[in-house]
Each structure stands twice: as structure tokens, then as C-alpha cells.
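Let's take a walk through this fold, starting out in a loop and working inwards. Have the viewer open and follow along.

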Amino acid sequence: MTIEKLIDGVIAREGGYSNHPADRGGPTNMGITRAVARANNYRGDMRTLPRAFAEQIYRRLYWEQPGYNFVAEINWIVAATLFDAAVNMGPGTATGFLQRALNALNRNQKDYPDLKVDRIIGARTLAALRAYQALRGSAGGKVLLKALHALQGEHYVAIAEGRPANEAFLYGWLANRIGSEGVA
């Protein structure tokens, strides 16, 4: 698996242009909202957003800047999961899920110290992930994924509960986002 394949999968799931009345993001293409496109110097019509431009945004904002490329060196599928969640709910939220899950899985700090849930991939978060992986191995990686998926799913339900208009998206979020890492 490569970041290019992850980006291809996200673009396939997100689809082309949309402007759903219940979507606060407004005009969106390939999952890139107009606000994100404008913040990255795209001034054209969202209907004609170039795919290469969307790919660059995904790589820079949702893979490199949050540090998921460093997570991938430890556990690729965790990095892919974080990337996919970050695309849909922001890197800070996705990273917070990882930090919360690692804290809950450290056996009251017997395995590694608790992390401050600062929503940033830093040296301590990477060290905790390395320690967790060293102790728990591939089976532990699967458990960590379950924790990440559970947190992501709960977040989606809370969004729909907090704003009924988002119920229009809940089914698709749960069907297409939870556990969809690397799948087109």
C-alpha cells in the first residue's frame, strides 16, 4: 500500500462535485471543500478542481503535516486509518483518537506513560505507538484499529445527534468510512 493508493481510495469514496444543502462544507469536489481549496490558493470553480490539485492537498494536509507518514513507519494500517479519518473529520480529531486509544491501552501506564491528548503527532505519541506495537505485535495492532474505529463511529453518531441535518450523511459515513482505509 502507498499513500497514492490511499488518496485514490479517498477520491473514489468521496466522488466528484457535490453541493448538498445539508453539508456545511458547501461546494465540494473529490472531498475537497471550497474553503480548503481556497486556503490552498485554488480560485477556480469547484466543479473543475483538478485531480492533481486535490491529490496534493490530501498528501500535504492529511498525510505529511499531521505526521501520519511517521506513523506509517511503525504501523501502516494505523496510519491509513488516521489519514482516512482526518480527511473526513480533521487531523486533530483523528490524532486525538490515536492518543486516547493508546492511553486506554497502556495498562495504567505500565507499558508507557500516558499521552497528553494534544491532537498532535509528536515524539511522545510515536514512542507510545512503538512501545505498544513492540509489546502487543500484530494482534495488538488489530485491537488498536478496533479502538480507532469505535471512536470514529461514536464521533459520527454524536455529529448526527447534535445536528439532525447530518443524519443525511450518517449511514454513508458508517458504511464507507469506518474500516475503509486503503479500500477504493
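Start with Asn108, which sits in the loop between H6 and H7. Keep in mind that you're looking at a predicted model. What makes Asn108 worth a stop is its backbone: phi is positive, about 55°, although the residue is not a glycine. Most residues other than glycine have a negative phi. Asn108 has a relative accessibility of 72%, so it counts as exposed.

The loop between H6 and H7 also holds Arg119. Here too phi is positive, at about 65°, and again the residue is not a glycine. Is Arg119 buried or exposed? Neither label fits: its relative accessibility is 45%, and because the partly exposed class runs between 20% and 50%, Arg119 falls into it.

Now head inside. The largest nonpolar core has 52 residues, and those touching the most other members are Leu49, Tyr58, Tyr68, Val71, Phe83, Leu102 and Leu144. Several helices give two or more residues to this core, among them H1, H3, H4 (68-72), H5 (76-89) and H6 (91-104). Which helix gives the most? That's H7, with 10 residues. For a close-up, pick Leu144: leaving out residues up to four places away in sequence, Leu144 touches Val78, Leu98, Ala101, Leu102, Leu105, Leu129 and Tyr132.

Tyr58, another of those core residues, leads us to the aromatics. A pair of aromatic rings is described by the distance of the centres and the angle of the planes. The count comes to seven aromatic pairs. Take Tyr58 with Tyr62: the ring centres are 5.9 Å apart and the planes make an angle of 50°, so this pair is tilted. Tilted is the label because 50° is neither under 30 degrees (stacked) nor over 60 (edge-to-face). Along the chain, Tyr58 and Tyr62 are four residues apart in helix H3 (residues 51-64), which means about one helical turn separates them. Both Tyr58 and Tyr62 are buried. Ring pairs also join these two with Trp63, Trp76 and Phe83 in a cluster.

Tyr58 turns up once more where H3 meets H1. Helix H1 (residues 3-14) packs against H3 at about 115°, with the axes 10 Å apart, and the crossing is right-handed. On the H1 side, the contact includes Ile3, Leu6, Ile7, Val10 and Glu14, while H3 brings Arg51, Glu55, Tyr58, Arg59 and Trp63. Sorted by type, the residues of this contact are seven nonpolar and six charged, with no polar ones.

Conventions:
Residues numbered from 1 in each chain as written. Predicted model: local features only at pLDDT ≥ 70, side-chain atom pairs only at ≥ 80, totals over all residues. Heavy atoms only, no water. Phe/Tyr/Trp six-rings, centres within 6.5 Å; stacked < 30°, edge-to-face > 60°. Buried < 20%, exposed > 50% of the residue type's maximum accessible area, 1.4 Å probe, protein only. Axes fitted to C-alpha atoms, helices over the stretch in contact; angles between N-to-C directions. Left-handed = near helix turned anticlockwise from the far one by under 90°. Contact = heavy atoms within 4.5 Å. Nonpolar A, V, L, I, M, F, W, Y, C, P; charged D, E, K, R; others polar. Core = buried A, V, L, I, M, F, W, Y, C linked by side-chain atoms within 4.5 Å.
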